Amino acid sequence: MEAYRLFAAVAVAAFSLSTTGVRGQDLPTCVKVDDCSCRLSSTNEVISLQGLNGNKKLMDGIVAHDGSRYHFNPCQSKLNLSTTCNPRMDSAACQTAGAHDVYSLGRTTLVEFKVVSESPLQVTFTYDGGTADGDNIRQLELTVMCDLSQTDDLVYVREFLDWGTQRIIYYMTLNSKYGCPGYSPPATLEISASISPGSIMTIIFFVLLIAYVAAFVAFGFAQQRRGRDLIPNYKFWSVLPGYIKDGAVFVFTLDGRLGGGGMRGSGKEDYEQL
């Protein structure tokens, strides 16, 4: 227990130091773009947690040392924590401490952004409007740190009651590649699902052909037919190759006689010249 308290004290101290920035140096601002993104004034790059929207690990929650589970979903969109954080339908995060102890820690629509350190880059996402406890409102202060080796490393730091602002502030950190300015996921190969009109006509043709053959065979069985008599239009298909051969011979023979360099006929068996 003593070791844990020492670790917690060190974590809180490190967190406090990280938020002081560099003395004498003006930090850039991070202007809100949407509920989970902001744009740095220094580089005009965007920091966006959109890639974590609906992240299963974060929505399922992390377990803190006190046994509470903390759930997080940075961007509202159509995904929300309503099943866990009732009655708040737009909660960015919530705390569950049992079947009935469920608290919203802040709303996605009430978020503010602030750069607290440039090297390394750290930006706080402050979500206000959580579940009230008497006169005190719950609030989440999430420090997002750029880490290209991590995706969803969420860590609970501490809980603090600020009597001056009447806020119960929950401090957490998030190490993630989505906390890096301008980060975008690697491009994925997109396969078009569209079908051309020609493909549709081909599919329809073969479907109708199969249906026609199946219906003819079934009708033939009903008429006690067997063997080749079950083939639709058997006489036509049996002589078709001969027709094709005769047509080809006629074309090439005619071409030769007109000087096209094709096959030349001779004798009485040739076709009559035109």
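**Exercise 1.** In this predicted model, decide whether Cys30 counts as buried or exposed from its relative accessibility of 6%.

*Solution.* Start with the value: Cys30 has 6% relative accessibility. Next, recall the cut-off: buried means under 20% relative accessible area. Cys30 therefore counts as buried. Now try its partner: Cys30 forms a disulfide with Cys38, the sulfur atoms being 1.9 Å apart. Cys38 has 0% relative accessibility, so Cys38 counts as buried too. To finish the picture, this link is right-handed, with 75° about the S-S bond.

**Exercise 2.** Find which parts of the chain are linked by the disulfide of Cys146 and Cys180.

*Solution.* First check the bond: the sulfur atoms of Cys146 and Cys180 are 1.9 Å apart. Then place each end: Cys146 sits in strand β11 (residues 136–146), while Cys180 sits in the loop between β13 (167–176) and α3 (197–222). The two cysteines are 34 residues apart, and the pair links distant parts of the chain. Last, look at accessibility: Cys146 is partly exposed at 34%, whereas Cys180, at 6%, counts as buried.

**Exercise 3.** Describe where Ala132 lies and which residues it is in contact with, leaving aside neighbours within four places in sequence.

*Solution.* Begin with the element: Ala132 belongs to strand β10 (residues 132–133). Then list the contacts: with those neighbours left aside, Ala132 touches Ile137 and Arg138. Finally, add its accessibility: a relative accessible area of 45% makes Ala132 partly exposed.

Note on methods:
Residues are numbered from 1 along each chain as its sequence is written. This is a predicted model: local features need pLDDT of at least 70, side-chain atom pairs count only at pLDDT 80 or more; totals for chains, interfaces and linings use all residues. Side-chain values use heavy atoms; hydrogens and water are left out. Buried means under 20% relative accessible area, exposed over 50%, partly exposed in between (1.4 Å probe, protein chains only). Contact means heavy atoms within 4.5 Å. A disulfide is a pair of cysteine sulfur atoms within 2.5 Å.
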